[in-house]
Amino acid sequence: MKRNRLISLIIIVLLSMVPVSCVMYHPHNVDIPLLEEKGDLHIDASANMTFPLLDGTGLNGTVSWAPFNMVGLQAAGSISDNKNYQVQAAAGTFHPFGKSVLECYLGAAAGHSNYDNKSNNNTVSHRVGGPYNILFGQINFGWNHLADDLIDVGVGFKAGILNPDWKRETLNNTTNEWDLDLTHTDPHFLVEPLLMFRIGGEHLKFNINIAYSWLNGWPTENNYINYTRLSVALGMHYKF
């Protein structure tokens, strides 16, 4: 009981954090549910921090459900602020082998990114923003019910194509209007491995989720189109 209260207090503190973002993309900490049978329903909520600059802090939520044997559905979302968010949906299959589970999903994500670059007088001099979408496949593998049902462990591998529709604008000090000076619509091959660790009771567990992103062909010049590679999320996971 004391352990669950401590875990709940930690999560309340994390969820009260003010989310901020100054990158165009960061890894998204989607849950690895490890579904086992028809009727399984998992709900996961967490707060994430990106490293090394803490420039993509936000909140995450995932719902995973098995409507039939070996069929899994998942919906997830993350938000940093009202201009930086992502939602995704996926469908796939799961196959338990004793305490281990193999999951395979196909899905799509849609999001919006925005980054305002401020000058020395704290006014916005450049801004980059716009929508994007991702088509992906993901494979998960892990173990449930370890240590007398106290621990779940899982790894995931997500790969797909990120299609941005971003533009960069510069404030014209003469006209006080925004001038379009760059667009970025090049697709990028995305690789996103994930690691999940849960500890707690039979239904309620504390969750640690680590995600890493690699995007092929990302622009290297200083054009304010940046992404961060590592995100760590802490949260709560409930299995009904």
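Are D31 and R198 buried or exposed, and which residues share a network with them? The model is predicted: local features need pLDDT of at least 70, side-chain atom pairs count only at pLDDT 80 or more, and totals for chains, interfaces and linings use all residues. Residues are numbered from 1 along each chain as its sequence is written, and side-chain values use heavy atoms, with hydrogens and water left out.

**Exercise 1. Place D31 and R198.**

Solution. D31 is buried, and R198 is too (buried: under 20% relative accessible area; exposed: over 50%; partly exposed: in between; 1.4 Å probe, protein chains only). They form a salt bridge, with the closest N and O atoms 3.3 Å apart (a side-chain nitrogen of Lys or Arg within 4 Å of a carboxyl oxygen of Asp or Glu). D31 sits in the loop between α1 (2-15) and β1 (41-51), while R198 belongs to strand β10 (residues 188-200), 167 residues apart. Helices (H or I, at least four residues) and strands (E, at least two) are DSSP runs, numbered from the N terminus.

**Exercise 2. Extend the network from D31 and R198.**

Solution. Take D152 and K205: their closest N and O atoms are 4.0 Å apart in a salt bridge. D152 is in strand β7 (residues 151-164) and K205 in strand β11 (residues 204-212), so the pair ties together parts 53 residues apart in sequence. Both D152 and K205 are buried. A network of salt bridges links D31, D152, R198 and K205.

**Exercise 3. Analyse E169 and R127.**

Solution. Their salt bridge has its closest N and O atoms 2.7 Å apart. E169 lies in strand β8 (residues 166-172) and R127 in strand β6 (residues 124-145), so parts 42 residues apart in sequence are tied together. E169 is buried at 12% relative accessible area. R127 is partly exposed, at 29%.
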